[in-house]
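Open the model in your viewer and keep the selection panel at hand. This tour goes stop by stop, saying what to select and what is there.

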Amino acid sequence: MRRVAVAGVGMTKFGVSEKSQVEMFAEAAMEAIDGSNLKARDIQALYLGNGLGDFEEGQMNLAPLCAFELGLPVGAPAVRVEGACASASVAIREAFIWVASGFYDVVLVGGVERATAMGTPLATRTFAMGADSRYEGFSGVTFPGAFAMVTRMYAEKYGLPLEVLKRHMALVAVKNHKNGVKNPLAQFRKEISVDTVLNSAMVADPIQLFDCCPFSDGAAALVLAAEDVAKKLCPQPVYVRGVGQGSNGPLYRQRDITRIRAREEAAAQSYRMAGLTPADIDVCELHDCFTIAEIVASEGLGFFPFGQGSAAVEKGETAIGGRIPINPSGGLKAKGHPIGATGAAQAYEIVKQLRGECGDRQVAGARVGMTDTLGGDLATLVNIIYGV
Amino acid sequence: MSYPLTHRQFFNGLKEGRLQGLKCADCGAYTAPPKVACAECGGRELTVVELSGRGTIRTYTVIRVAPEGFTAPYVVAMAEMEEGPWLMGNVAVEPDSSEGSLIGRKVTVGHRLVEAGNYTAGEGVAVTFDLVD
């Protein structure tokens, strides 16, 4: 396998957009292509993460439309990749493998979503399609509902009073909003307090509105290139050092949903490939679709022992300047979560962090960064480690 | 090969008051809802059996923002059946009753019909849990 580098990155502002998915992806992708000192005609393939474009715009087969919009060669295959909220990270891992294998030298990868076009009832319904449609969907379970069940099980398992856990969860939201203020592309750029979270509307007991990431529109993109190509294009490329992906069944089969096995497998693969351990990670963008999700992810990735991720938040260990800064971009919570784009936006942040281009939210001296993206019923988990 | 117990057959069982599952000849584990191979060991020698329908709630939530087609609030839970499998379903309890935590409560399995709607591939059957203690 060859070494693979990120030659360029691009991202739109996340939030509510009047632009179509094709237009948003084109913006992000052109920024990535320009930043790579390449032309669209140099791209050999496109892997495009997209979750629910069919429901959002009545648009199927989005990838070739995006490729043509950009001016990619007609001979460049354009492939839509769907792994629910992990779609873009699945796409990045696929693109990485094609370049690492030597099949392609230069590939465009990313994702796009326009979730706000659906409105809350349809968005809630379609996001819940990530559950098992036969044996979970008819109960009316929602995505916040799934993580509400994680929350209750976590409190029960570790003997933590729910009020204490809820406070720690609120602190995750407070931290990520604080980081989001410093990110010009974030959907929410406003600090909140623990009371903001605890006084917000109940969505799925005990998950409240400010425990949840928003519905979002947006796009992000990366150009991946073989090492020898990337070295000619940019002075200091960021390398993909390890990738991992795990897959699992529905929640009722997973049983102990405080331990996301697909993540533990994916993380182990990525650490093994990179020859690194959790202690080597300087900065991490992980899947905080709900505040409890950040806590269990920080444990599953090996940053904290199981059951102790909750208290680590209160100690400030996950803040910028803490032992392992988590979600300096604001995370899904404040930056926004256009599901098909999220993994690519996490990669965008890590690449910018490793290049030292993050301004007020820069993690000092970061040389190794990790992304963590979760899709569906805790069913698709992708971890990617980047380094300079 | 033929699929050992389809979701439609599983639903029909629920409608007749039976919780069906598959017993594995290799490891003895029960798989429910059904699957093409044993959920524990992957064994393929499976016999359709009827489970007791008795279990214990392991976690739950009250859904307050419902998807299209559902009316909030309602309770969703996962319960562990006596024979081992876990199921997701609705708890037949007032969402805002003063029951306290439902974790650990004993239940029996019932069912609720869900009318065919957009993207449901026909009529659905949801598992329900009735509190017994």
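**Stop 1: the domains of chain A**

This is a predicted model. Select residues 4-119 and 215-239 of chain A: this is domain 1. Now give a second colour to 133-213 and 241-387, which make up domain 2 of chain A. The C-alpha centres of these two domains are 23 Å apart.

Next, look at where the two domains of chain A meet. Domain 1 puts 35 residues into this contact, and domain 2 puts in 35 residues. Which elements give two or more residues to the domain 1 side? Select β1 (4-11), α4 (87-100), β4 (106-114), β7 (217-226) and β8 (238-247) of chain A. Linger on α4(A), which gives the most to that side, with seven residues. Then colour the domain 1 side by class: 20 residues are nonpolar, eleven are polar and four are charged.

**Stop 2: two helices of chain A**

Select helix α5 of chain A, residues 120-127. Its buried residues are A123(A), T124(A), R125(A), T126(A) and F127(A). What do the buried residues of α5(A) pack against? Show α2 (53-57) and α6 (143-157) of chain A, and you have both partners.

Move to helix α3 of chain A, residues 62-70, and pick out P64(A). P64(A) has 17 other C-beta atoms within 10 Å. A residue needs 20 or more to count as buried and 12 or fewer to count as exposed, so P64(A) is partly exposed. Now add V22(A) and draw a C-alpha to C-alpha distance to P64(A): it is 9.9 Å, though the two residues are 42 apart in sequence.

**Stop 3: chain B as a whole**

Hide chain A and show chain B as a cartoon. You should find one helix and eight strands. From the N terminus, the helix comes before the strands, in the order α-β-β-β-β-β-β-β-β. The radius of gyration of chain B is 16 Å, close to the 14 Å that the globule rule gives for 133 residues, so chain B is as compact as a globular protein of that length. Along the principal axes, its C-alpha atoms fill a box of roughly 45 × 35 × 25 Å.

Colour chain B by burial: 42% of its 133 residues count as buried. Then consider the contacts in chain B between residues at least 6 apart in sequence. Of these, 46% join residues at least 24 apart.

**Stop 4: an open sheet in chain B**

Select β1, β2 and β3 of chain B. These three strands form an open sheet in the order β2-β1-β3, with antiparallel pairing. Why do β2 (30-31) and β3 (46-51) of chain B each have one side without a neighbour in the sheet? Both stand at the edges with a single partner strand each, so one side is left free of a neighbour.

Zoom in on β1(B), residues 19-24. Six bridges join β1(B) to β3(B), and the two strands run antiparallel. Pick G21(B) and find its bridge partner in β3(B), V49(B).

**Stop 5: where the chains touch**

Bring chain A back. The contact between the chains takes 29 residues from chain B and 27 residues from chain A. On the chain B side, select β4 (54-63), β5 (74-81), β6 (86-91) and β8 (124-131), the elements that give two or more residues. The largest share of this side comes from β4(B), with six residues. Finish by colouring the chain B side by class: 19 nonpolar, seven polar and three charged residues.

Terms used:
Residues are numbered from 1 along each chain as its sequence is written. Chains are lettered from A and ligands numbered from 1 in the order in which they are written. This is a predicted model: local features need pLDDT of at least 70, side-chain atom pairs count only at pLDDT 80 or more; totals for chains, interfaces and linings use all residues. Two residues are in contact if their C-beta atoms, placed from the backbone, lie within 7 Å. Helices (H or I, at least four residues) and strands (E, at least two) are DSSP runs, numbered from the N terminus. Ala, Val, Leu, Ile, Met, Phe, Trp, Tyr, Cys and Pro count as nonpolar, Asp, Glu, Lys and Arg as charged, and the others, Gly among them, as polar. Domain bounds come from an automatic or database domain assignment. Two strands pair if DSSP finds at least two bridges between them. The radius of gyration is taken over C-alpha atoms; the globule rule is 2.2 Å times the number of residues to the power 0.38.
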